[in-house]
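Please open the model in your viewer and keep the sequence panel beside it. The tour below moves from the whole chain to single elements, with a selection to make at each stop.

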Amino acid sequence: MPPRPTTPAKTLPTDFLAKADETVAHYPFSARSATLPLLHLWQEQFGFISEEAIVWIAARLGQVPIHVLEVATFYPMFHREPFGKIHIKVCRTLSCELAGGRELFETMKRLTGATGDEHGPIHSPDGRYTLEFVECLASCGTAPVCMVDETLHEKLDTPEKIKACLDTHSTGGEPCPIT
Ligand code: FES
């Protein structure tokens, strides 16, 4: 098993280090196979895959950082920047596009205040929401749809339905502040 890197692991929480050790122990014949589990572990603990994550995981597994980076950038579920507390994924594939997916996205932008380059995730200034386009969410018959965290919301074809959808996910039970 490759040795633990000495830096920057000194600053990492001991519970994280223990979980990382346990994860790597499941792959005695190929430490590199622990790349995905360690990326998940890191994101669960710290919210996104930073440069520090890439360097630390590579060192922990005895790999070069590019091997970790190529995995982290291949899978869209890994975040390369801090995300808001609520993650909204709006489908932009054909059925949703024709049924109002763009309007759904624009309404979500207005309600959350998220801004930025729509080729990637965009964030609200209060850190509450992250909004992004994704490909088909496998619910084409009920377009337009979005996922808010782990929940699928269907037929979001009016501003009222979109607002109600956001309200069900607001932190602390408060409604979305913008009407
Ligand atoms: S096209 Fe949107 S769910 Fe399939």
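What pattern does the chain follow when it is read along the sequence? Colour this predicted model by secondary structure, and the pattern to trace is α-α-α-α-β-α-α-β-β-β-β-α, with seven helices and five strands in the chain. Buried residues make up 29% of the 179 residues, and among contacts between residues at least 6 apart in sequence, 53% join residues at least 24 apart.

Next, select residues 51–61, which form helix H3, a mostly covered helix in which eight of eleven residues are buried. Among these buried residues are Ile54, Trp56, Ile57 and Leu61, and to see part of what covers them, add helix H1 (14–25), helix H2 (35–46) and helix H4 (65–74) to the selection. Just after H3 comes Gly62, where phi is positive, near 70°.

Now turn to the largest nonpolar core, which has 21 residues, and show Val90, Leu104, Met108, Val145, Cys146 and Ile162, those with the most contacts inside it. Two or more residues each come from strand E1 (86–91), helix H6 (101–112), strand E3 (129–134) and helix H7 (159–167), and H6 gives the most, with four residues.

Centre the view on Val90, which, leaving aside residues up to four places away in sequence, touches Gly101, Leu104, Phe105, Met108, Phe133 and Cys146.

For the last stop, select Leu38, Trp42, Ala58 and Leu61, which are included in a second, separate core of 16 residues; Ala58 and Leu61 are also among the buried residues of H3.

Terms used:
Residues are numbered from 1 along each chain as its sequence is written. This is a predicted model: local features need pLDDT of at least 70, side-chain atom pairs count only at pLDDT 80 or more; totals for chains, interfaces and linings use all residues. A residue is buried if 20 or more other C-beta atoms lie within 10 Å of its own, exposed if 12 or fewer, and partly exposed in between; C-beta atoms are placed from the backbone. Two residues are in contact if their C-beta atoms, placed from the backbone, lie within 7 Å. A nonpolar core is a set of buried Ala, Val, Leu, Ile, Met, Phe, Trp, Tyr and Cys residues joined through C-beta atoms within 7 Å.
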